[in-house]
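Please open the structure in your viewer and set the display to a cartoon view. The stops below are best taken in order.

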Amino acid sequence: PPLFTPPPPRPPRSSLVSWLGDVYKRQVLKKILPKMKTNKFGSIVNISSIDALSGDDKPQEAYGASKAAMIRLSKSIAIQYANKNIRSNSILPGPV
C-alpha cells in the first residue's frame, strides 16, 4: 500500500465561491418558490456571466461551467413556472 495518499485536487477558489453561491441560490429557491406558487406571481433575477456563453484565453473553465449552470437553472424555472406567472431571468455582465 502507498505510504501517502494525496488529497483530491481542489477547484480554484473563484470556482468554489461561484459553486457555493449557486448551491445557496438553489436552497433559497426551495424556500421562495412555494410562496410564489401560492401567490401566483413572482420574479427571480439570477446573475451569471457572459463567460458562460463562450470561452476565452484564460484558464477558468470551471467558472464558465458554473455560470452556464445558473443560466440553465434560470431557464428551467422560467419554463416550469410560467403558468403560475413566475418569471426567471439571468443577467450576464461582460468585461468591464
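The tour begins with the whole chain and then visits selected residues.

**The whole chain.** Note at the outset that the model is predicted. Select the protein chain and display its secondary structure, which consists of 2 helices and 2 strands. Followed along the sequence, these elements appear in the pattern α-β-α-β. The chain has 96 residues, and 25% of them count as buried. Now switch to a surface view: the chain exposes about 7,300 Å², of which carbon and sulfur atoms supply 63%. Contacts may also be considered by sequence separation. Among contacts with a separation of 6 or more, 62% are between residues 24 or more positions apart.

**Lysine 40.** Return to the cartoon and select the loop between α1 (13-39) and β1 (42-47), where lysine 40 lies. The phi angle of lysine 40 is near 55 degrees, a positive value in a residue other than glycine. Is lysine 40 buried or exposed? Its relative accessible area is 58%, so lysine 40 counts as exposed, the cut-off being over 50%.

**Valine 45 and its patch.** Move next to strand β1, and select valine 45 there. Valine 45 has a relative accessibility of 45% and therefore counts as partly exposed. Add Ile47 and Ile91 to the selection: together with Val45 they form a nonpolar patch on the surface. The accessible area of these three residues together is about 260 Å².

**Serine 74.** Select helix α2, which spans residues 61-81, and find serine 74 within it. Serine 74 has a relative accessible area of 2%; because buried means under 20%, this residue is buried. Which residues does serine 74 touch, not counting those up to four places away in sequence? They are Asn46, Ser88, Asn89 and Ser90. Display the side chain of serine 74 and the backbone of asparagine 89: a polar atom of that side chain lies 3.4 Å from the backbone oxygen of asparagine 89.

**Asparagine 85.** For the last stop, select the loop between α2 and β2 (86-91), which holds asparagine 85. Asparagine 85 is not a glycine, yet its phi is positive, at about 65 degrees. How accessible is asparagine 85, and what does it count as? Its relative accessibility is 44%, so asparagine 85 counts as partly exposed.

Technical notes: Residues numbered from 1 in each chain as written. Predicted model: local features only at pLDDT ≥ 70, side-chain atom pairs only at ≥ 80, totals over all residues. Heavy atoms only, no water. Helix = DSSP H or I, 4+ residues; strand = E, 2+ residues; numbered from the N terminus. Buried < 20%, exposed > 50% of the residue type's maximum accessible area, 1.4 Å probe, protein only. Polar contact = N/O pair within 3.5 Å; in protein donor to acceptor, adjacent residues only side chain to side chain. Contact = heavy atoms within 4.5 Å. Areas by Shrake-Rupley, 256 points an atom, 1.4 Å probe, with all protein chains shown as cover. Patch = residues over 30% accessible without salt bridge, like charges linked within 9 Å, V, L, I, M, F, W, Y side chains within 5 Å. Salt bridge = Lys/Arg side-chain N within 4 Å of Asp/Glu carboxyl O.
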